[in-house]
Amino acid sequence: MSHLRFFTAGESHGPALVVLVEGVPAGLPLLAADLDGDLGRRQQGYGRGGRMKIEQDRAIILSGVRGGVTLGSPIALTIANRDHANWAGRMGAEPFAEVPEALVRPRPGHADLAGGQKYNRSDLRDILERASARETASRVAAGAIAKRLLAAVGVEVFAFVRSIGAVACPPEALGLPSETLRDGARASEVGCPDEATSAAMKAAIHAASHAGDTLGGTFEVVATGVPVGLGSHVHWDRKLDGRIGQAFLSIQAIKAVSIGDGFEAAALPGSSVHDPIDYSKEHGDFPRRSNHAGGLEGGITNGAPVRVVAAMKPIATLRKALPSVDIRTKEAVDAAHERSDICAVLAASVVGEAMLALVLADALLEKFGGDSLEELQRNMKGYQEQLAQWPAGDDR
Ligand code: EPS
């Protein structure tokens, strides 16, 4: 991401998370409260653990916004870790009075072991603290800024949960109109727009909890109102589907991502997969009869909603801990367990919204530029006028 850049910093039980977002044009109305809605949604979901009872994630904007409007300068913000108060003497930048007990029993599936080896740390807490999905609160704050920018040009991003463990939303529910999917997901404790499936998902999470186990699942993120022409076919690192894939695979516990019909398309003939082209005289555009492509062809947005599906593995911290090894004694032990979520697929779907919003906002600024919101909107209008005339004539 080179036009809208963001950095995150912070350990899970350190004093705070820190976010820096650079490249947001001047003149965008922005309040901390605009970020808090998504931060709160990320904390929700049936199956979250004890930490979410402690935290109340709120953004404190430190720079880049004056009187509720962006300045075009870097936006810096923090989110407090309330749990830090319970980690006195064990977390913090200053030397400790007493060496804290080291974490030496790596959890299979977490960064503990490989991270400890790579960074030469003998207390695996030095790895866990940053690998934790707590970091995703920072991404959601950055993503909420990107969403504000996208909303100013008519793009909306939302997500819904498609499956949890073996319980999946029926195919007919997946094809419901966008508003129904969005509102249904927001009304569900597991983020699934189908009521009967939501109930079955809750039952599955409940059963996993009793078994000391965890559950993963899949979610879909949709962006509507995306203009034709974001991304490019001309080079591998400019293809927008590739950039989306990287953004989603960087989310903690995400192991697979697909666009449009994804893996399902591989089993079908081309005639069932590609979206026939029409021409609308009324709108002067080229609508499609279907959207199997998920709004992307040749690495370029085609004007249809962008649809991304991601698969989250079950959380790696299990109450009924898996076999591991004490890295100091080399003895067989159970992996470490302090507390954990049973299922966080709804939370991950909110993080997915943030990542898609950040990639789309970056691609939007790449195509249209603009130091101010007005300039961005003017540039977009000029392009839309060009599209309405397209093709203007012979190229040569
Ligand atoms: C999380 C905070 C963490 C975990 C979870 C996500 O808090 P704690 O480690 O204090 O319980 O609840 O992180 C993980 C699932 C993980 O594997 O690291 C959060 O804010 O989302």
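How many disulfides does the count come to in this structure? The model is a predicted one, and with a disulfide taken as a pair of cysteine sulfur atoms within 2.5 Å, the count comes to zero.

**Stop one: the cysteines**

Select Cys169 and display its sulfur together with that of Cys192, which is the nearest cysteine sulfur and lies 3.4 Å away, with Cys169 in no disulfide. Colouring by accessibility will show that Cys169, at 7% relative accessibility, counts as buried. Move next to Cys343, whose closest cysteine sulfur is again in Cys192, but at 12 Å, which is too far for a bond. Cys343 also counts as buried, its relative accessibility being 2%.

**Stop two: helix H3**

Select residues 112–119, which form helix H3, and within them pick out the buried residues Asp112, Gly115 and Gly116. Turn the view until you look down the axis of H3: the buried residues fall within an arc of 100 degrees, so they line one face of the helix. Rotating to the face turned away from that buried side brings up the exposed residues Ala114, Gln117 and Lys118. At the end of the selection, add Asn120, which follows H3 and has a positive phi, near 60 degrees.

**Stop three: helix H4 and Glu129**

Keep the buried residues of H3 on display and add residues 125–131, since these make up helix H4, against which those buried residues pack. Within H4, select Glu129, an acidic residue name to centre on, which counts as buried at 2% relative accessibility. Its side chain makes a polar contact of 2.6 Å with the side chain of Arg125. Leaving aside residues up to four places away in sequence, Glu129 touches Glu11, Ser12, His13, Gly14 and Met91.

**Stop four: the ligand**

His13, one of the residues that Glu129 touches, leads on to the ligand, as His13 is among the closest of the 13 residues that surround the ligand, together with Arg42, Arg51, His110 and Arg339. Show the side chain of His13, where an N or O atom lies 2.6 Å from an oxygen atom of the ligand. In the side chain of Arg42, an N or O atom is 2.7 Å from a ligand oxygen. For a backbone example, select Ala133, which has a polar backbone atom 3.5 Å from an oxygen atom of the ligand. Finally, display the surface of the ligand: on its own the ligand has 470 Å² of accessible area, and the protein covers 89% of this.

Methods. Residues numbered from 1 in each chain as written. Predicted model: local features only at pLDDT ≥ 70, side-chain atom pairs only at ≥ 80, totals over all residues. Heavy atoms only, no water. Buried < 20%, exposed > 50% of the residue type's maximum accessible area, 1.4 Å probe, protein only. Helix = DSSP H or I, 4+ residues; strand = E, 2+ residues; numbered from the N terminus. Arc of directions from axis to C-beta. Contact = heavy atoms within 4.5 Å. Polar contact = N/O pair within 3.5 Å; in protein donor to acceptor, adjacent residues only side chain to side chain. Near = heavy atom within 4 Å. Areas by Shrake-Rupley, 256 points an atom, 1.4 Å probe, with all protein chains shown as cover.
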